[in-house]
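Colleague: I am new to this structure and would love a guided look. Could we go through it together, one question at a time?

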Amino acid sequence: IKCDNNCTYELTCEACGGRLPERINLSHLARVKLTSPNLTGDIKVFQEMRELFELTLHGTRVHGNLGALANLVYLTELELSGTAVTGSLKDLAGEVHYDYDMGNSWLKRLLLSRTKV
């Protein structure tokens, strides 16, 4: 998946299946909501999406270490319940960003039930 010049803001799919690619070149993506139980792949595919503020993957078969998301400094919502994601909350503790327009905007919603975090 590739996109230049900030052409995509949101990626949403409740019924898509298959495997996440090794790399998604959508650096300006702000919201990802993929909730199909037929979706697999490694969570590290999202690690370069530095403008991402919402990542919802609950109920998928996505796996990997939570630390892959440590550099997502704008992340306010992270829903990984029911996935095969592992790690520790310490793995997620990257640089905390302060947005002067939004106030402290880091992780207001965190759902990790039925994971190994």
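Colleague: To start, what percentage of the residues in the protein chain is buried?

Modeller: Happy to help, and please keep in mind that this is a predicted model. A residue counts as buried when its relative accessible area is under 20%. The protein chain has 117 residues, and the buried share of them is 39%.

Colleague: How many helices and how many strands does the protein chain have?

Modeller: Reading along the sequence, you meet the pattern β-β-β-β-β-β-β-β-β-β-β. The count for the protein chain is therefore zero helices and eleven strands.

Colleague: Which order do the strands take in the open sheet of four strands?

Modeller: Let's build it up from the pairs. Strand 2 (residues 18-19) pairs with strand 4 (residues 39-42) in the parallel sense, over two bridges. Strand 4 is also joined to strand 6 (residues 61-65) by three bridges, again running parallel. With strand 8 included, the open sheet has the order 2-4-6-8.

Colleague: And which are the edge strands?

Modeller: An edge strand here pairs on one side only. Strand 4 pairs with strand 2 and also with strand 6. The edge strands are strand 2 and strand 8.

Colleague: Which residue in strand 6 is the bridge partner of T40?

Modeller: T40 is in strand 4, where it stands opposite R19. Toward strand 6, G41 has V62 as its bridge partner. For T40, the bridge partner in strand 6 is R61.

Colleague: Where is T83, and is it buried or exposed?

Modeller: T83 sits in the loop between strand 7 (77-79) and strand 8 (84-86). Its relative accessible area is 7%. Because buried means under 20%, T83 is buried.

Colleague: Which backbone atom lies 2.7 Å from a polar atom of the side chain of T83?

Modeller: The side chain of T83 reaches two backbone atoms worth finding. One is the backbone nitrogen of V85, at 3.4 Å. The atom at 2.7 Å is the backbone oxygen of L80.

Colleague: Which residues touch the most other members of the largest nonpolar core?

Modeller: In soluble globular proteins, nonpolar side chains tend to be buried together. Here the largest nonpolar core holds 26 residues. One of them, L78, is in contact with residues beyond four places in sequence, including L55, L69 and L92. The residues that touch the most other members are I43, F46, L55, L57, L69, L78 and L80.

Terms used: Residues numbered from 1 in each chain as written. Predicted model: local features only at pLDDT ≥ 70, side-chain atom pairs only at ≥ 80, totals over all residues. Heavy atoms only, no water. Core = buried A, V, L, I, M, F, W, Y, C linked by side-chain atoms within 4.5 Å. Buried < 20%, exposed > 50% of the residue type's maximum accessible area, 1.4 Å probe, protein only. Contact = heavy atoms within 4.5 Å. Pairing = 2+ DSSP bridges. Polar contact = N/O pair within 3.5 Å; in protein donor to acceptor, adjacent residues only side chain to side chain.
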